[in-house]
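Work through the two exercises below with the sequence and the model open side by side. Each task is followed by a solution that proceeds step by step.

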Amino acid sequence: MKFVKKIFSAALLGLAIFTAAPQAEAAGPFRFGIKAGVAINDLKFNEDAFNANNRTGFTGGLTAQFVVPLTGIGCDISAMYTHRSNRISVNSTDANGTSASSMNVNRDYLEIPVNFRWEINIIGINKIVAPFITTGPDFSFLMSKQNVNDAWKEKKFDLAWNFGFGLQFVQKVQIAASYGLGLTKSASGDASLYGTGIDSKNRFWTVTAAYLF
């Protein structure tokens, strides 16, 4: 039931984004579609005692795109439900020696990437296949619980900057990969448990396929 609520929330935001789609389409080259893919997340810590193993998550939602004719320059915005997963290992030293423990950290986000894009038109084949590059901010809002095992607190908001590239086929299908560089702290550890304050930032690869109508 919780999963359904998260999808429903993401869909509502997506519908708000696309409400003006018919008017925008009449005024210029505006398109919208659906997008889905995989997300590979990595957490970077400020302490050597912590490390995280990458886990593959998933993402899916709606996307809108506008590109100025002839120039290939434009922008896109998406509303995505994104699930990220990591296994966190903690190494600690006490009177009995060094010990290690681990826990799974799963997080669900409403993710809104806003990209500037450049479609590279290659004369003769651009209607069949065309490469493009993207970059822009990525706004993520936590939809799952903040406190993990009473030891790990997730931030409600996370900001990253994306760098991406991809290929567009027959002006309908887009395959893309992007790297997200976390700019804000995404989570923190309890200093009373670990002996020091622990902060982390998200680093993630996202590979998606989109179909534009």
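The exercises concern a predicted model, and they take up its enclosed space and then one residue of a strand.

**Exercise 1.** Establish how many cavities of 30 Å³ or more the model contains, and describe the lining of the largest cavity by residue class and by strand.

*Solution.* Begin with the count, which comes to 1 cavity of 30 Å³ or more, and continue with the volume of the largest cavity, which is about 350 Å³. Next, consider the wall: 28 residues line the largest cavity, and K35, N115, A176, S178 and T208 are those that lie nearest its centre. Sorting the lining by class gives 10 nonpolar, 13 polar and 5 charged residues. Finally, assign the lining to strands: β2 (50–67), β3 (73–94), β4 (97–119), β5 (129–142), β8 (157–169), β9 (173–182) and β11 (198–212) each contribute at least two residues, and the largest share, 5 residues, is supplied by β11.

**Exercise 2.** Decide whether Q65 is buried or exposed, and describe its surroundings.

*Solution.* Locate the residue first: Q65 belongs to strand β2. Its relative accessibility is 4%, and because buried means under 20% relative accessible area, Q65 counts as buried. Then examine the side chain, where a polar contact of 3.1 Å links Q65 to the side chain of E119. To complete the picture, list the contacts of Q65, leaving aside residues up to four places away in sequence: Q65 touches P29, F30, R31, C75, D76, R117, E119, Q168, Q174 and L212.

Key: Residues are numbered from 1 along each chain as its sequence is written. This is a predicted model: local features need pLDDT of at least 70, side-chain atom pairs count only at pLDDT 80 or more; totals for chains, interfaces and linings use all residues. Side-chain values use heavy atoms; hydrogens and water are left out. On a 1 Å grid over the protein atoms alone, a cavity is a set of points where a 1.4 Å probe fits but cannot get out, and a pocket is an open set with protein on both sides within 12 Å along at least five of seven lines; lining residues have an atom within 4 Å of a point. Grid points are joined across faces, edges and corners, and a volume is the space filled by probe spheres set on the points. Helices (H or I, at least four residues) and strands (E, at least two) are DSSP runs, numbered from the N terminus. Ala, Val, Leu, Ile, Met, Phe, Trp, Tyr, Cys and Pro count as nonpolar, Asp, Glu, Lys and Arg as charged, and the others, Gly among them, as polar. Buried means under 20% relative accessible area, exposed over 50%, partly exposed in between (1.4 Å probe, protein chains only). A polar contact is a pair of N or O atoms within 3.5 Å; within protein, one must be able to donate a hydrogen and the other to accept it, and residues adjacent in sequence count only if both atoms are side-chain atoms. Contact means heavy atoms within 4.5 Å.
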